[in-house]
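Work through the following exercises with the sequence and the model side by side. Each task is followed by its solution.

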Amino acid sequence: MAGRPEGVGSAAATSLGLCGAGASRAATPSVAFGDISPARGEIASTFVIAAETAADDPAREALLDRAMGPKRRKKSSEKLRRGRRPSEGLAFVARGASGAVAGTVRLWDVVLGEGGRAALLLGPLAVDPTIKNAGIGSALMRHAIAEAARLGHAAILLVGDAPYYERFGFSAEKTGSLAMPGPYERHRLLALELVEGALAGAQGTLKAAGRKLKAQRLPLAA
Ligand SMILES: CC(C)(COP(=O)(O)OP(=O)(O)OC[C@H]1O[C@@H](n2cnc3c(N)ncnc32)[C@H](O)[C@@H]1OP(=O)(O)O)[C@@H](O)C(=O)NCCC(=O)NCCS
């Protein structure tokens, strides 16, 4: 693995503390964490990173609206996600002790240029705005990267702030000949090689390659 970033390597579910991977998966209504104000570590210790389930969809979407606002659906990354399912086994949530969704990250299958090599696009990553800076985003990132590596993926790309993502090993060093399918800021297109050399010579516009969402069945007219 090329320049394995700190914290990468464990394939096991990432527990941030008290509740294990088998934490409640019951209904996940959005809850306010605003009344939690202990030190960072204490907050983080009450969350666990787990695989997302279908029941998490409404809470995840509500969280993304709160964290990123309505413009989130206009991002060029969204073009690579729309109508697709996340890469197999690569959608995660951070859950509080009650089972509520406090953070989300998903990864998507893409190809680098027409007929190009396979890679993952990470995003969105978001944490409930009332519990930012408690380590939940970092835990989600480390778990997602470790699982992507364990599943044999070669590289992860994302569009985001380098000052945040470089701590996980991402940089714009290998993305100069790659492009998003829509407006984006070039310096924010970042990548992490999970296999050394995976991005050498990669060029072209990213294209969606994920499993398609099944068309929703309409009820038959009576
Ligand atoms: C970005 C985000 C996921 C980080 O999650 P988090 O749980 O708050 O972050 P962590 O606790 O893991 O890390 C906190 C550290 O990251 C830093 N950080 C957070 N966002 C940052 C950013 N955009 N640029 C640089 N540093 C950032 C904090 O200053 C803090 O630094 P410190 O450890 O030196 O004090 C979260 O703030 C969020 O959901 N933001 C809104 C949605 C968003 O912007 N998503 C990313 C799209 S690029």
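**Exercise 1. State what share of the protein is buried, and how its elements are ordered.**

Solution. Start with burial: a residue is buried if 20 or more other C-beta atoms lie within 10 Å of its own, exposed if 12 or fewer, and partly exposed in between, with C-beta atoms placed from the backbone. By this count, 39% of the 222 residues of the protein are buried. The model is a predicted one, in which local features need pLDDT of at least 70, side-chain atom pairs count only at pLDDT 80 or more, and totals for chains, interfaces and linings use all residues. Numbering starts from 1 along each chain, as its sequence is written.

Next, list the elements, which are DSSP runs numbered from the N terminus: helices (H or I, at least four residues) and strands (E, at least two). There are 5 helices and 9 strands. Read from the N terminus, their order is α-β-α-α-β-β-β-β-α-β-α-β-β-β.

**Exercise 2. Find where the pLDDT is below 50 near the start of the chain.**

Solution. pLDDT is the predictor's confidence in each residue, from 0 to 100. Its mean over the protein is 84, and 77% of the residues reach 70 or more. Residues 1–14 have pLDDT below 50, with 30 contacts in the model beyond near neighbours in sequence; a contact means C-beta atoms, placed from the backbone, within 7 Å. Residues 17–37 also stay under 50, and the model has 48 contacts for them beyond four places in sequence.

**Exercise 3. Check the length of helix 2 and locate its buried residues.**

Solution. The expected span is 1.5 Å times one less than the number of residues. Helix 2 has 12 residues, so it should span 16 Å, and its end C-alpha atoms are indeed 16 Å apart. Its buried residues are Ala59, Arg60 and Leu63. They lie on the same side of helix 2, because they cover an arc of only 100 degrees around the axis, taken from the directions from the helix axis to the C-beta atoms. Their cover includes strand 2 (91–95), strand 3 (101–112) and strand 5. After helix 2 comes Gly69, with a positive phi near 80 degrees.

**Exercise 4. Describe the shell around the ligand.**

Solution. A residue belongs here if its C-beta atom, placed from the backbone, lies within 6 Å of the ligand. Of the 17 residues, Lys132, Gly137, Ser138, Gly160 and Pro163 come nearest. Two or more residues each come from helix 2 (57–68), strand 5 (126–127), helix 4 (136–150) and helix 5 (162–165). Helix 4 gives the most, 3 residues.

Key
Two residues are in contact if their C-beta atoms, placed from the backbone, lie within 7 Å.
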